[in-house]
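The following explanation leads the reader through a single protein chain, from its charged pairs to its interior and its open spaces. Please keep the sequence and the model in view while reading.

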Amino acid sequence: MSSLRITLTALCCVLVVVIGALPFPSNAQLDPSFYRNTCPKVHSIVREVVREVSKKDPRMLASLVRLHFHDCFVQGCDASILLNNTATIVSEQQAFPNNNSIRGLDVVNQIKTEVEKACPNTVSCADILALAAEISSAHGPDWKVPLGRRDSLTANRTLANLNLPGPSFSLDQLKKAFSDQRLDTTDLVALSGAHTFGRSHCSLFQDRLYNFNSTGKPDPTLDTTYLQELRKICPNGGSGTNLANFDPTTPDTLDKNYYSNLKVKKGLLQSDQELFSTPGADTINIVNKFASSQDAFFESFKASMIKMGNIGVLTGNKGEIRKHCNFVNKKSVEQDLASVASQESSEEGMVSSI
């Protein structure tokens, strides 16, 4: 009986993963003025918290942009990444691309606390993530963030492991990961530009420095001077926990230097350098365009951030407005537990009949 229940549960999980893996951009209409009457100060509240945090930790700006990205690529922009492990939730935070890597969860909670004081039960955690990402684009472009998302009742760790691009992805793998979200090649190159600020652990690129593709040699697409600089930060056999700037020139500013770096073989991750060093790639012309024109980069970055922010959003009566971003609301928990109990009861019946 127990083994059959496990089998049935496994089959159910497979179905969830298959359905969840399908691209599902939403046609729902978000609106930058969604909170005009219900929470008119939400932008200024988010901005103030982000500003104060970034004074002490400039790196947090890039982390908040990344948090929004990692949310949207897994069952849509629904704040599922913020959910902690519970009896009924398997958190995405321990997925391989997120584990000991994502930052800013506490900052989102600070923002949520302040927003709840001003406008209880009104602003979703998903919208807070989108607003924080826009505000965190340090010295970069401004855009009006479409709002009106609602928060998910579930998370999907399996999908997080499947959907989030890896640091060693080839260009073809990157294109597929973005295409699965109905994002095109320009979106890929523009959103990769978020790596123009922030830091990365050595463990995500250390193989490029010493044993690229098990050759015992460094990645030939790395500038030799840059290689030596990175080896000082990331010694061979080291723990991999040291941090290196994504952009060695302006590490805390969102600008076009990311693309200029790629042209001189100074992309930190393999997935970065692939955009320019893959022979004959259609991404090369886009990199050249953004490297020569910051305005062109900013315009594409804004458009792609808005486009990404529309992926799979929940609106209307779907999902909920969480009171606390790390947990679904109590009523939802009770409903979820009741559903689990009902499913177990149904499985008992199936086992008995067999």
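Which side chain meets that of R208 in a salt bridge? The model, which is a predicted one, gives D219 as the partner, with N and O 2.9 Å apart. This pair links distant parts of the chain, since R208 belongs to helix α9 whereas D219 lies in the loop between α9 (206-210) and α10 (224-233), 11 residues away. Both partners are shielded: D219 counts as buried because its relative accessibility is 4%, and R208 counts as buried because its value is 1%. The cut-off for this class is a relative accessible area under 20%.

A second pair, D252 and R199, also forms a salt bridge, again with N and O 2.9 Å apart. Here the partners are 53 residues apart: R199 is in strand β1 (residues 199-201), and D252 is in the loop between β2 (243-245) and α11 (257-263). Neither residue reaches the buried class, because D252 has a relative accessibility of 30% and is therefore partly exposed, and R199, at 23%, is likewise partly exposed.

A third pair is placed within one helix. E48 and R51 form a salt bridge in which the closest N and O atoms are 2.8 Å apart. Why can these two residues be described as about one helical turn apart? They are separated in this way because they stand three residues apart in helix α2 (residues 42-56). E48 is partly exposed, with a relative accessibility of 37%, and R51 is partly exposed at 38%. The pair also belongs to a network of salt bridges that links E48, R51, E52 and K55. In total, the structure holds 15 salt bridges.

Attention may now turn to the nonpolar interior. The largest nonpolar core has 79 residues, and L82, I111, Y259, L275 and M308 have the most contacts inside it. Helix α5 gives the most to this core, with nine residues. The surroundings of L82 can be followed in the model: beyond its neighbours within four places in sequence, L82 is in contact with residues including L67, L105, V108 and L129, as well as with Q93, R322 and N326. A second core, separate from the largest, has 13 residues, among them L209, Y210, Y226 and F246.

The enclosed and open spaces remain to be considered. How many cavities of 30 Å³ or more does the structure hold? There are two, and the largest encloses about 60 Å³ of space. Its lining includes H68, E134, W143, R149 and M305. Helices α5 (125-135) and α14 (294-309) each supply at least two residues of that lining. By class, the lining of this cavity consists of seven nonpolar, two polar and two charged residues.

The second largest pocket holds about 930 Å³ of space. It is lined by 40 residues, of which R66, H70, H195, L204 and L269 are the closest to its centre. Elements giving two or more residues to this lining include α7 (171-179), α8 (185-192), β1 and α12 (270-277). Helix α14 is also one of these elements, and α14 supplies at least two residues to the lining of the largest cavity. The most, six residues, come to the pocket lining from α3. By class, the lining of this pocket has 21 nonpolar, 14 polar and five charged residues.

Definitions and conventions. Residues numbered from 1 in each chain as written. Predicted model: local features only at pLDDT ≥ 70, side-chain atom pairs only at ≥ 80, totals over all residues. Heavy atoms only, no water. Salt bridge = Lys/Arg side-chain N within 4 Å of Asp/Glu carboxyl O. Helix = DSSP H or I, 4+ residues; strand = E, 2+ residues; numbered from the N terminus. Buried < 20%, exposed > 50% of the residue type's maximum accessible area, 1.4 Å probe, protein only. 1 Å grid on protein atoms, 1.4 Å probe; cavity = no way out; pocket = protein on both sides within 12 Å on 5 of 7 lines; lining within 4 Å. Points joined across faces, edges and corners; volume = space filled by probe spheres on them. Nonpolar A, V, L, I, M, F, W, Y, C, P; charged D, E, K, R; others polar. Core = buried A, V, L, I, M, F, W, Y, C linked by side-chain atoms within 4.5 Å. Contact = heavy atoms within 4.5 Å.
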